[in-house]
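Here is a short set of notes to read alongside the structure. Keep the 3D view open and find each residue as you go.

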Amino acid sequence: MKFAIHYSTRMKDILIFSLVISIIMFQVATLTEYSYPVLFYMQMAVNAVMLAALAIEGYARLIKREIRIQENFDTITINGASVKADQIREIKVSGCHKATFRLSLKDKNATPLFWSFKFEDKNCEGIRQLTRWAEHNGIAVRKIGPQTRTDMVLTSSNA
């Protein structure tokens, strides 16, 4: 089955942080009634970060991506790139409402961006299919994050 996905970029956090820094710098300049050249250049750097974050977020939202999960097969395909079940160490789930799924590969310590994704479907069918596929292939689906008990493993009945 095919499911629509989008990448989890965390750019909203960067945009909010940049906006707060920008407001603080503007308030310092306003309260002191003096123009500091350093604040001007810092403001330009913050604006450049905000533009880059907006461009990355726009690219991640506009490009349509999909994941293909076939329950009886040992491969999963994300945007044409296939990965076999024996290459996956575990699937990490972060978040509650719009959970991010991250495929941890056995031969890599860091997870590339294209192996982290969120499902776009509202009825959670993609999540159920992914957990059934992981269960069928013997891959642990582990919930991570500050609200999670240590070593919490999910099954398809919990999804």
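**Notes on the predicted model**

1. Let's begin in a loop. Leaving out residues up to four places away in sequence, phenylalanine 73 touches Trp133 and Asn137. Please keep in mind that this is a predicted model. Phenylalanine 73 sits in the loop between β2 and β3 (75–78). Is phenylalanine 73 buried, partly exposed or exposed? At 48% relative accessibility, phenylalanine 73 counts as partly exposed, because the partly exposed class runs from 20% to 50%. Histidine 136 is 63 residues away from phenylalanine 73 in sequence, yet their C-alpha atoms are 9.1 Å apart in space.

2. Now step back to the whole chain. How many helices and strands does the chain have? There are 3 helices and 9 strands. If you trace the sequence from its start, the pattern reads β-α-α-β-β-β-β-β-β-α-β-β. Of the 159 residues, 36% count as buried. Among contacts with a separation of 6 or more, 59% are between residues 24 or more positions apart. The accessible surface comes to about 10,100 Å², and 61% of that surface belongs to carbon and sulfur atoms.

3. Helix α1 makes a nice exercise with a ruler. This helix covers residues 11–32, which is 22 residues, and at 1.5 Å a residue it should span 32 Å. The C-alpha atoms at its ends are 32 Å apart, so the expected span and the model agree.

4. Next, look around α1 rather than along it. Which residues of α1 are buried? They are Met11, Leu15, Ser18, Ser22 and Met25. These residues cover an arc of only 95° around the axis, which means that they lie on the same side of α1. The buried residues of α1 pack against α2 (37–62). On the face turned away from the buried side, you will find the exposed residues Lys12, Ile16, Phe17 and Leu31.

5. It helps to set the model beside a database record. In an unreviewed entry, UniProt places the feature "transmembrane region" at residues 12–32 and 38–60. In the model, residues 12–32 are 100% helix and 0% strand, with end C-alpha atoms 31 Å apart. Residues 38–60 are also 100% helix and 0% strand, and their end C-alpha atoms lie 33 Å apart.

6. Two backbone angles deserve a look. Most residues other than glycine have a negative phi. Glutamate 33, just after α1, takes a positive phi of about 55°. Asparagine 79 also has a positive phi, of about 55°, although it is not a glycine. Where is asparagine 79 found? It is in the loop between β3 and β4 (81–84). With a relative accessible area of 34%, asparagine 79 is partly exposed.

7. Asparagine 79 leads us to a charged residue in a strand. Arginine 65 lies in strand β2 (residues 65–69). Its relative accessible area is 8%, so arginine 65 is buried, the limit for that class being under 20%. What is arginine 65 in contact with, leaving aside its neighbours within four places in sequence? The contacts are Phe3, Ala4, Ile5, Tyr7, Tyr59, Ala60 and Asn79.

8. Finally, the charged pairs. Side chains of opposite charge can pair when their charged atoms come close. A search of the whole structure finds 5 salt bridges. In one of them, arginine 68 meets glutamate 66 at 3.6 Å, N to O. Arginine 68 is partly exposed at 33% relative accessible area, and glutamate 66 is partly exposed at 32%. Another salt bridge joins glutamate 125 and arginine 132 at 3.3 Å, N to O. Glutamate 125 is partly exposed, with a relative accessible area of 25%, and arginine 132 is partly exposed at 28%.

9. One last group is worth finding on screen. Lysine 92 and glutamate 90 meet in a salt bridge at 3.9 Å, N to O. Glutamate 90 is buried, with a relative accessible area of 13%. Which residues are linked in a network of salt bridges? They are Glu90, Lys92 and Arg142.

Conventions:
Residues are numbered from 1 along each chain as its sequence is written. This is a predicted model: local features need pLDDT of at least 70, side-chain atom pairs count only at pLDDT 80 or more; totals for chains, interfaces and linings use all residues. Side-chain values use heavy atoms; hydrogens and water are left out. Helices (H or I, at least four residues) and strands (E, at least two) are DSSP runs, numbered from the N terminus. Buried means under 20% relative accessible area, exposed over 50%, partly exposed in between (1.4 Å probe, protein chains only). Contact means heavy atoms within 4.5 Å. Accessible areas come from the Shrake-Rupley method with a 1.4 Å probe; for residues, only the protein chains shown count as cover. The expected span of a helix is 1.5 Å times one less than its number of residues. The arc is that of the directions from the helix axis to the C-beta atoms. UniProt positions are given in the numbering used here, feature names are shortened, and annotations may be inferred rather than shown by experiment. A salt bridge is a side-chain nitrogen of Lys or Arg within 4 Å of a carboxyl oxygen of Asp or Glu.
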